[in-house]
Amino acid sequence: MSWWRSLLSRRDVLRVGAGGAAALAGSAALGQGGTHPAGHTGTAPVSPVPSTTAHAGHGNNLMVGAVNHKRNGFDPMAMLTDWDWGKVSTLPNGQTLREYTMIAQDKEIEIAPGIFFPAWTYNGRVPGPTLRCTEGDRLRITFINATIHAHTIHFHGVHSAEMDGVPGAGPGEIQPGGRFVYEFDAEPFGCHLYHCHATSLKRHIHKGMYGAFIVDPKEGRPPAREFVMVQNAFDTNFDGANEIYAVNTVGFEFARRPIPVQKGELIRIYLINILEFDLINSFHLHANFFNYYDTGTTLEPTSRIVDTIMQAQGQRGILEFKYKFTGNFMFHPHISEFTELGWMGSFQVVEPDAYPAALKAAGVDAGWDQRSRQGAAGGRS
Amino acid sequence: MSAPAVGGGRWASLWGLALVPLLLLGAVLAYLVATGGGLKTLQGPPVEQVKVGRVTLPERGVIQVQVINDGPQAVTIPQVMVDDAFWSFTARPAGAIPRLGTATLTIPYPWVEGEAHNVALLTSLGTVFEAEIPVATLTPQPGRDLFVRFGLVGLYVGVVPVLLGMLWFPWMRRLSAPAMNFILALTVGLLVYLAVGTYLDAQAFAAALPAFWQGTPAVLLIALLTLGVLLALGGKRKPEDAPLGLSYRIATGIGLHNLGEGLAIGAAFALGEAALGTFLILGFTLHNITEGVGIVAPVVRHRPRLTQFALLALIAGGPAILGTWLGGFAFNPVLATVFLAVGVGAIVQVVWEVSRLVARNTAALGAPLVGWSTLGGFTVGVALMYFTAFFVKF
Ligand SMILES: [Cu+2]
């Protein structure tokens, strides 16, 4: 600690409670009434402070600078709509086969401007690819371990024991240089996740080995603009508590770059909580209410007209809502601590004719817009 | 062959031989820097180490944090959290902080008067260094009014008690020789207490210094060096020759100790820990009154002038005023450590001198050096300091 802390504890003189009578007497005696002139002068910025207009009213609660997404090789904004449908073919029995390749890779990623984290990843990104398929599809996932630690992929869903991706089941942990093909039918439909289940579990999850696993119902869901948001966090100093909270990895990213949507359109969010070290996370939408589908395994909402939902570790669900007004609207967990530590963003709601400009402001193109509407169409549009 | 040539040759070979190891050392260092010396595989992960120096609240809504990089390599602090929230800030100078470099971070944070705050600095590798603000209040800015008030505090805890303690002088003059020796033994006791206390305070400051200062051994070494210099200076001196000189040396040692007290009080006020206030000032005044007894004890058989008393009180008590100013306005933990370490050496030196005086008196009285009288005096001296300290320890 700093010198004065030790000074104070050494001399043991300062344990009298603040605000006590002695404190008042002491400060009165010295006339520390708070009328001292400002003695501080201007300083040079460490790096460019982003425009405050992008921050829906949270003042100076921000991270200084911006993350280099190119260097990371992934962008949280692009990840919102980045569905991985796999390599699609048809089996002799008429079943759709989707083939994926997942490579475990060690990679240092920038999780906040200037803060680097030694991540363990699937395909070099955190979260890993958003695997998307339709109920009943045959999934064949080739897992290659290109790291120096043993890893697995454990899918939430229904499958045989040897495909469970846990130590002691089937091949168990896949050793460095090893590979294994996980194969099973996609069921039930819903908003699921996958993650590494090697020991120690906490470390393998919080280091970044997880991702979204979306199984669409056969009959599909109504057309909507869809996003996937993986709530995650990082313990940068390995003290068993997180320093940085986010959706899709980078703190305050959607505060710096609000997500463009159109007024009146249906918005659907696949929300996943893969937080480690904290029991729960939550999601609160400003100036709006939504329908919630717990685990996404029903076609009818399990909660209607709510504006805050709570998810424990590994929980997930689907949110559906429309915006009645244009403007910037915040979303964040109603856990203030997480909000102030990076898990905060906003939607920029615009009229349809203003949408191209909003896309440009967010740094995304028409392809991103198309992918955001493609999900509900089963990847076919 | 002429004589000067021989002399020049000797000179050249003398200095040449002295330089050879240095030249070879330079070559080895250059090799290590250039090639890694074949040890590259031994290099571990990067180590980040910074020390948070002074934390100040220069105005409403602003926190300033001084950071010193005492790690082996440059450190970048890209993000800052205050009270578990990421916060904007500016750094001066901007960019990476080189080894042994310093930067000042200015954070526009709406801190709350009287409440505790926590500042956490995140390095680029995600290491967290924290600083506490125990009770937020505006850092006192040097101004005439506060300068006078801090001076008054120093006066109350330093000069006044020493002067009051000196008022026992007329009483002490009427004491018998054994009783006076008891008082001198008592002086040794209180000086030993001050030496221990000053040493521990110096170590507390030293422990908080950036690692490269090596504060912990430095305190001991500075104290020993001070003691050595003072002993060497006083080597030819006999205590009976100049009792007034001994009084001045006691006053100087106590003065350095009181400087430390002033630093602590001033720094505490600067940190908003004004809770100590008047009560603490009363406590220090009571605690320090025995110091006056110790200072005048060697001169009871003499007749110093009143101005001598005034000067002695100023030397012993005045540094408390200086310390309060320094602690309140411009705290420097390095200087504080050095001052206190010097104080330890000075106090130990006068312990040595007064002990010799006690030994001489004991011998003249035909009593053993360590007897019930001297041991009793020593114990009472330590106990007086110990129990009056109850008023300033919470
Ligand atoms: Cu793993």
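The expected span of a helix is 1.5 Å times one less than its number of residues. Helix H2 of chain B, residues 144-166, is a good place to apply this in the present predicted model. With 23 residues, H2(B) reaches 31 Å from its first C-alpha to its last, close to the 33 Å expected. The helix is nevertheless not straight, since H2(B) bends by about 40° at Leu155(B). Its buried residues include Leu146(B), Phe150(B), Gly151(B), Val153(B) and Gly154(B) ahead of the bend residue in sequence, and Val157(B), Gly158(B), Val159(B), Pro161(B), Val162(B), Gly165(B) and Met166(B) after Leu155(B). An α-helix has 3.6 residues a turn, so residues three or four places apart point the same way.

Val159(B) also serves as a reference point for a distant part of the chain. Its C-alpha atom and that of Ala367(B) are separated by 36 Å, with the two positions 208 residues apart along the chain. Ala367(B) belongs to the loop between helix H9 (333-365) and helix H10 (372-388) of chain B. Its relative accessibility is 36%, and Ala367(B) therefore counts as partly exposed. A second pair in chain B, Pro243(B) and Tyr109(B), is 134 residues apart in sequence and 58 Å apart in space, C-alpha to C-alpha. Pro243(B) is part of helix H6, residues 243-270 of chain B, and counts as buried at 9% relative accessibility.

Chain B also offers a neat hairpin. Strand E1 (residues 50-59) and strand E2 (residues 62-69) of chain B pair in the antiparallel sense over 6 bridges. Glu59(B) has Val62(B) as its bridge partner in E2(B). Two strands joined in this way leave 2 residues between them, and Gly61(B) takes a positive phi near 75° in this hairpin. Of the 10 residues of E1(B), 9 are buried, so the strand is largely enclosed by the rest of the structure.

Turning to chain A, the UniProt annotation "domain: Plastocyanin-like", from an unreviewed entry, covers residues 118-219 and 240-351. Over residues 118-219 the chain is 6% helix and 39% strand, with the end C-alpha atoms 42 Å apart. For residues 240-351 the figures are 8% helix and 47% strand, and the end C-alpha atoms lie 45 Å apart.

A copper ion is bound by chain A. Its protein donors are His151(A) through ND1, Cys196(A) through SG, His204(A) through ND1 and Met209(A) through SD, at 2.0 to 2.8 Å from the ion. Along the chain these donors follow the spacing H-x44-C-x7-H-x4-M. His151(A) lies in the loop between strand E6 (138-145) and strand E7 (154-155), and Cys196(A) in the loop between strand E9 (190-195) and helix H5 (201-206), so this pair ties together parts that are 45 residues apart in sequence. Both His151(A) and Cys196(A) are buried. The 4 donor atoms subtend angles of 77 to 133° around the copper ion, and the arrangement is therefore irregular; a tetrahedral assignment would need all angles to lie between 85 and 135 degrees.

The unreviewed UniProt entry places the feature "binding site" at His151(A), His156(A), His195(A), Cys196(A), His204(A), Met209(A) and His334(A). These positions are spread over 184 residues of sequence and also in space, with up to 33.5 Å between C-alpha atoms. One of them, His156(A), is found in the loop between E7 and E8 of chain A.

Finally, some backbone details deserve a look. Most residues other than glycine have a negative phi, and most peptide bonds are trans. In chain A, a cis peptide bond joins Glu187(A) and Pro188(A), with omega about -10°, and Pro188(A) sits in the loop between strand E8 (179-185) and E9. In chain B, Arg92(B) and Pro93(B) are likewise joined by a cis peptide bond, with omega about -5°. Pro93(B) lies in the loop between strand E5 (90-92) and strand E6 (102-107) of chain B. That loop of chain B, between E5 and E6, also holds Leu100(B), a residue other than glycine whose phi is positive, near 70°. Leu100(B) is partly exposed, with a relative accessible area of 41%. Asn248(A) is not a glycine either, yet has a positive phi of about 55°. It is found in the loop between strand E12 (244-247) and helix H6 (253-256) of chain A, where Asn248(A) is buried with a relative accessible area of 1%.

Technical notes
Residues numbered from 1 in each chain as written. Chains lettered and ligands numbered in written order. Predicted model: local features only at pLDDT ≥ 70, side-chain atom pairs only at ≥ 80, totals over all residues. Heavy atoms only, no water. Buried < 20%, exposed > 50% of the residue type's maximum accessible area, 1.4 Å probe, protein only. Helix = DSSP H or I, 4+ residues; strand = E, 2+ residues; numbered from the N terminus. Pairing = 2+ DSSP bridges. UniProt positions renumbered as here; feature names shortened; annotations may be inferred. Bend = angle between axes of the 7 residues up to and from the residue. Donors = N, O, S within 2.8 Å, 3.2 Å for Na, K, Ca; no water. Tetrahedral: all angles 85-135°; square planar, octahedral: opposite > 155°, others 65-115°.
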